[in-house]
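Here is a friendly walk through one protein model. Have a look at the picture first, then read on.

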Amino acid sequence: MPLKFLDALDARLSGIRSVGVLTALFLPFVFIAELLAIAVLFVLPIEVSIPLILVVIAAVEEVAKSIHVFAGFESDRFDRSVRTALVLGIASGIGFFVAEKFTVAELRERYHDTE
């Protein structure tokens, strides 16, 4: 099953730009996973829940930004060099950043339209 998941991600990759686009498309799944983590960890004592929530949120975001890049490397779609890894990492980070900012802007616009 994990190999099929990696193959499915790899099938969507065609170059550097597709890495950023795929990262941006993961954003709704990232938000759902983060909200689920918050809901599950909320019942713990605050001294435990806050650090755990921060760690889980960071882990979810980093996996979302890197799993498809890993799939591309595993299938030999990208050459295994430090330069390629840096370029793909930057593309993935930019895709995530832009998607997050567009989501925040859209939510802000919707929220202010209702007042």
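Follow the sequence from start to end and you meet the pattern α-α-α-α-α. In other words, the protein has five helices and zero strands; both kinds of element are DSSP runs, numbered from the N terminus, with helices being H or I runs of at least four residues and strands E runs of at least two. Before going further, keep in mind that this is a predicted model, where local features need pLDDT of at least 70 and side-chain atom pairs count only at pLDDT 80 or more, while totals for chains, interfaces and linings use all residues. Residues are numbered from 1 along each chain as its sequence is written, and side-chain values use heavy atoms, with hydrogens and water left out.

Now for the overall picture. The C-alpha trace spans about 45 × 35 × 25 Å along its principal axes. Its accessible surface comes to about 8100 Å², and carbon and sulfur atoms own 71% of that; such areas come from the Shrake-Rupley method with a 1.4 Å probe, and for residues only the protein chains shown count as cover. Of the 115 residues, 30% count as buried. Here buried means under 20% relative accessible area, exposed means over 50%, and partly exposed is in between (1.4 Å probe, protein chains only). Take the contacts (heavy atoms within 4.5 Å) between residues at least 6 apart in sequence: 70% of them join residues at least 24 apart.

What about salt bridges, and how many does a search of the whole structure find? There are three, each being a side-chain nitrogen of Lys or Arg within 4 Å of a carboxyl oxygen of Asp or Glu. One of them joins Arg77 to Asp10, with the closest N and O atoms 2.8 Å apart. That pair ties together distant parts of the chain, 67 residues apart: Asp10 sits in helix H1 (residues 2-11), and Arg77 in the loop between helix H4 (46-74) and H5. Is Asp10 buried or exposed? Asp10 is buried, because its relative accessible area is 10%, while Arg77 is partly exposed at 39%.

Another bridge stays inside helix H4, where Lys65 and Glu62 are three residues apart, about one turn of the helix. Their closest N and O atoms are 3.2 Å apart, and Glu62 is partly exposed, with a relative accessible area of 45%. Then there is Glu74 with Arg80, whose closest N and O atoms are 3.7 Å apart. Glu74 is partly exposed at 44% relative accessibility, whereas Arg80 reaches 57% and so counts as exposed.

Next, find Ser18 in helix H2 (residues 16-25). With a relative accessible area of 13%, Ser18 is buried. Setting aside its neighbours within four places in sequence, Ser18 touches Arg12 and Leu13. You can also look across to His68: the two C-alpha atoms are separated by 9.9 Å, although the residues are 50 apart along the chain.

Finally, turn to helix H5 (residues 82-114), where Ile90 has its place. Ile90 counts as exposed because its relative accessible area is 53%. Ile90 also belongs to a nonpolar surface patch, together with Val82, Leu86, Ile94, Phe97, Val98 and Phe102, and the patch has about 750 Å² of accessible area. Patches are made of residues with over 30% relative accessible area and no salt bridge; nonpolar side chains (Val, Leu, Ile, Met, Phe, Trp, Tyr) are joined within 5 Å, and like charges within 9 Å.
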